[in-house]
Amino acid sequence: MDITDHFATVGGTQLAYRACGPRDAPPLVLVHALGERAADWDVVIPAFAGRWRVYALDLRGHGQSGRPGDYSLELMRADVLGFLDALALDRVDLIGHSLGGLVAYLLAGDHPERVSRLVLEDVPAPLPRERVVPTRPDGDLAYDWEMVLAVRRQIDDPDPAWMDRLGRITAPTLVIAGGPASHIPQERVAELARRIPDSRTMTIPAGHLVHAAEPHAFSEAVLTFFEQAKPLPSPSR
């Protein structure tokens with residue numbers, strides 16, 4: 001099944017995305033980690049594209065998406081919501097990895113009516129951490145370095161309201177932890193799961209890049225969850 005590349009303009013910013021699967025199938029949206037891009041999901045897209053129309057985004061400042069110079073987690077959340085509107089996707093299943101998981105749970109908390117089921121891959125609870133200024137890698141980058149600095153500041157010192165948003169998520173949620181090989185403190189991943197009302201958690205001991213290191217185990221875990229967690233009926237809008 002072919003993966004095709006597309007663009008959508010949302011709020012003046014061009015967003016690149018990949019699509020795969022039947023056009024009339026239920027939508028599944030994938031949101032990548034910091035410094036990654038939509039193609040990072042290619043290893044697992046075929047496992048989902050038989051049952052879903054899969055959309056994988058390049059977040060602003062990443063990959064082929066625009067680099068507007070204005071970056072925040074809230075703007076990325078608004079971009080994903082605008083993307084759903086641009087493609088007339090009313091309710092979606094949503095998977096987010098790391099930074100993409102943070103964007104996904106902000107969307108699911110602020111607009112619970114738009115998310116049927118949610119998967120968060122090795123995502124910590126939004127708690128303050130020691131601030132370390134990252135060093136820019138040499139050479140050309142597939143992302144905007146200013147975006148990295150802006151987002152890292154927010155992740156290091158998160159808005160306390162983000163924690164409250166977790167309690168507003170109504171979608172059945174699977175939290176996948178990467179285990180002791182991950183650089184993400186696993187107690188913070190467990191805390192994230194505790195804060196989401198209808199959540200379950202599992203560990204795939206593959207480190208932070210779970211879906212890349214163990215694509216079969218990741219895909220099977222998500223497919224099993226989707227089978228067990230039937231989406232709620234669409235609310236009146």
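## A buried aspartate in H4

Let's start with Asp 156, which is buried, its relative accessible area being 3%. That value falls under the 20% limit for a buried residue. This is a predicted model, so please read each value here as computed from predicted coordinates.

Asp 156 belongs to helix H4. If we set aside sequence neighbours within four places, its contacts are Pro 128, Arg 129, Glu 130, Arg 131 and Val 132.

## The largest pocket

Arg 129, one of the residues in contact with Asp 156, turns up again in the largest pocket. Together with Ser 98, Ile 155, His 183 and Ile 184, Arg 129 lies nearest the centre of this pocket, whose lining has 23 residues. The volume comes to about 510 Å³.

Which elements give two or more residues to the lining? They are H3 and helix H4 (145–156). H3 provides the largest share, three residues.

## Two nonpolar cores

Helix H3 (residues 99–110) appears in the interior as well. The largest nonpolar core holds 54 residues, and Phe 83, Leu 94, Tyr 105, Leu 118 and Leu 192 have the most contacts inside it. Eight of the core residues come from H3, the largest share. Apart from this core lies another, made of 25 residues, including Cys 20, Ile 176, Ile 204 and Phe 218.

Leu 94 is a handy residue to select in your viewer. Not counting neighbours within four places in sequence, Leu 94 is in contact with Leu 28, Val 29, Val 31, Ala 104, Leu 107, Val 115, Arg 117, Leu 118 and Val 119. As general background, nonpolar side chains in soluble globular proteins tend to be buried together.

## Leu 73 and its partners

Is Leu 73 buried or exposed? Leu 73 is buried, because its relative accessible area is 0%. This leucine sits in helix H2 (residues 73–86).

Beyond residues up to four places away in sequence, Leu 73 touches Leu 99, Leu 102, Val 103, Leu 106, Val 151, Gln 154 and Trp 162. For another distance to check, the C-alpha atoms of Leu 73 and Ala 108 are 13 Å apart, with their positions 35 residues apart in sequence.

## A parallel strand pair

Now for the strands. E7 (residues 173–177) and E8 (residues 199–203) run parallel and are joined by five bridges. In one of these pairings, Thr 173 has Ser 199 in E8 as its bridge partner. Between the two strands the chain passes through helix H6 (residues 186–195), giving a right-handed β-α-β crossover.

Notes. Residues numbered from 1 in each chain as written. Predicted model: local features only at pLDDT ≥ 70, side-chain atom pairs only at ≥ 80, totals over all residues. Heavy atoms only, no water. Core = buried A, V, L, I, M, F, W, Y, C linked by side-chain atoms within 4.5 Å. Buried < 20%, exposed > 50% of the residue type's maximum accessible area, 1.4 Å probe, protein only. Helix = DSSP H or I, 4+ residues; strand = E, 2+ residues; numbered from the N terminus. Contact = heavy atoms within 4.5 Å. Pairing = 2+ DSSP bridges. Right-handed = clockwise from strand over helix to strand, strands pointing away. 1 Å grid on protein atoms, 1.4 Å probe; cavity = no way out; pocket = protein on both sides within 12 Å on 5 of 7 lines; lining within 4 Å. Points joined across faces, edges and corners; volume = space filled by probe spheres on them.
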